[in-house]
Amino acid sequence: MIKVDHLSKSYGTLKVLRDITTEIKKGEVVAIIGPSGTGKSTFLRCLNLLDTPTGGLISIDGQNILDPKTDVPKIRQKMNMVFQSFNLFSHLTVLENLTLAPVKLRGVSLEQAKTRGMELLRLVGLGEKAEQFPHELSGGQKQRVAIARCLAMEPEVILFDEPTSALDPTMVSEVLSVIRRLAKDGMTMAIVTHEMDFARDVASRIFYMDQGLIYEEGTPDQIFNNPQKELTRSFINRVKTCRYSIASADFDLYAMNGQIQVFCEKHAISAKTCGNLLLVSEEVLQLYKPLLSSRKLEVIVGYSEKTGQIELVFESDGHIGNVLEAEDLDDNLPLVLIRGYTDGIEFQHGESGDRLRLLVRKS
């Protein structure tokens, strides 16, 4: 249905989208998640040509929509968009908001448009509001009218740009229920959302966007339960981090410990767990110390707001190996202490350096 090749978008020197290549198939529901400011909404606006891409190719049903000869209004009839701000015409009734575009743009008779409009209002649970004006509706009702207005154009694809972000939390579920029904009916959709449970429930595929890229994509199970990349994992688990850079063996241990203690206090991590964290970090750094004459080390403390898990990560700027490997536990007290205060240890040998990750036990 939608094919994107090497899509990019810049505003002057600011690169918002960087070399995005992907496909969205007919009947798929793609949820687009990620931190604010990473290009999610811009990506949707480029698909609908509300923003003109700086480079790349976008094809809808095999047609290059960036070709100057393309009939853009006709393409927009195929691929409609629902915004977070509703954009209803305040001087028109709810039903008139639904009938205007089909009559003016598609040549549908007014009677046909009214009949279809009422069907769609009943679909979104608002049949009784047909003769009311937008100012008489709640935010959730306005957004459901906006969805019905979009459906009145008989689109093949619907793009949703954070459809619940402007709503009171009590109204979010009524809008999400309508989108769930559309997904069940096989509508092709791309949805920018911050509602993680909804994305997991309704999507067939998840795009995690970061740094202007589709940083990682996969099924909801893959992205939410087993993300492969660090930024995805941090976002999904709402990981807060504290970093300390070590450039030599003579680093300031007290400054690092003070920074970790402030981090623990900020996130209500117990004093005993913080003590475990400090103990493990000091013991691991003792093993790293002989290797720090020629290497730099980044110490990262991570706390997951979602799971409560605390991790301690050591990233080197080169390959120095696993300092916890091939040691005799019976004769090595530091390793006994490290193993005793952690629930898991992982080591990764990356292209540019090594990464040691320890899950610190909570007390």
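## Contact between α3 and α4

Two helices are said here to be in contact where their heavy atoms lie within 4.5 Å of each other. In this predicted model, that criterion picks out V94, L95, L98, T99, P102 and V103 in α3, which meet L110, A113, K114, G117, M118, L120 and L121 in α4. Sorted by class, the residues of this contact are 10 nonpolar, two polar and one charged.

The axes of α3 and helix α4, the latter spanning residues 110-123, come within 9 Å and cross at roughly 130°, and that angle makes α3 oblique to α4. The crossing in which α3 passes α4 is right-handed.

## The largest pocket

Helix α3 also takes part in the largest pocket, where it gives the most to the lining, with five residues. The space in this pocket comes to about 590 Å³, and 22 residues line it, with N80, A101, L105, R149 and M153 lying nearest its centre. Two or more lining residues come from each of α2 (72-78), β6 (79-82), α3 (94-106) and α5 (139-151).

In terms of residue class, the lining of the largest pocket is made up of 14 nonpolar, five polar and three charged residues.

## Contact between α5 and α6

Helix α5, one of the elements that give two or more residues to the pocket lining, also packs against helix α6, which covers residues 169-184, and here the two axes come within 8 Å and cross at roughly 20°. Because angles under 35 degrees count as roughly parallel, α5 and α6 are described as roughly parallel to each other. Their crossing is right-handed.

On the α5 side, the residues involved are G139, G140, Q141, Q143, R144, I147 and L151, and they meet M171, E174, V175, V178, I179 and L182 in α6. Together, the residues of this contact divide into seven nonpolar, four polar and two charged.

## Contact between α11 and α12

Further along the chain, helix α11 (residues 271-288) packs with helix α12 (residues 333-340) at an angle of about 140°, and their axes are 9 Å apart. The two helices are therefore oblique to each other, and the crossing of α11 and α12 is left-handed.

The residues that make this contact are E283, V284 and L287 on α11, together with P334, L335, L337 and I338 on α12. Six of the contact residues are nonpolar and one is charged, while none is polar.

Key:
Residues are numbered from 1 along each chain as its sequence is written. This is a predicted model: local features need pLDDT of at least 70, side-chain atom pairs count only at pLDDT 80 or more; totals for chains, interfaces and linings use all residues. Side-chain values use heavy atoms; hydrogens and water are left out. Axes are lines fitted to C-alpha atoms, for helices over the stretch in contact, and angles run from 0 to 180 degrees between N-to-C directions. Helices (H or I, at least four residues) and strands (E, at least two) are DSSP runs, numbered from the N terminus. Angles under 35 degrees count as roughly parallel, over 145 as roughly antiparallel, 65 to 115 as roughly perpendicular and the rest as oblique. A crossing is left-handed if the near helix is turned anticlockwise from the far one by less than a right angle, and right-handed if clockwise. Ala, Val, Leu, Ile, Met, Phe, Trp, Tyr, Cys and Pro count as nonpolar, Asp, Glu, Lys and Arg as charged, and the others, Gly among them, as polar. On a 1 Å grid over the protein atoms alone, a cavity is a set of points where a 1.4 Å probe fits but cannot get out, and a pocket is an open set with protein on both sides within 12 Å along at least five of seven lines; lining residues have an atom within 4 Å of a point. Grid points are joined across faces, edges and corners, and a volume is the space filled by probe spheres set on the points.
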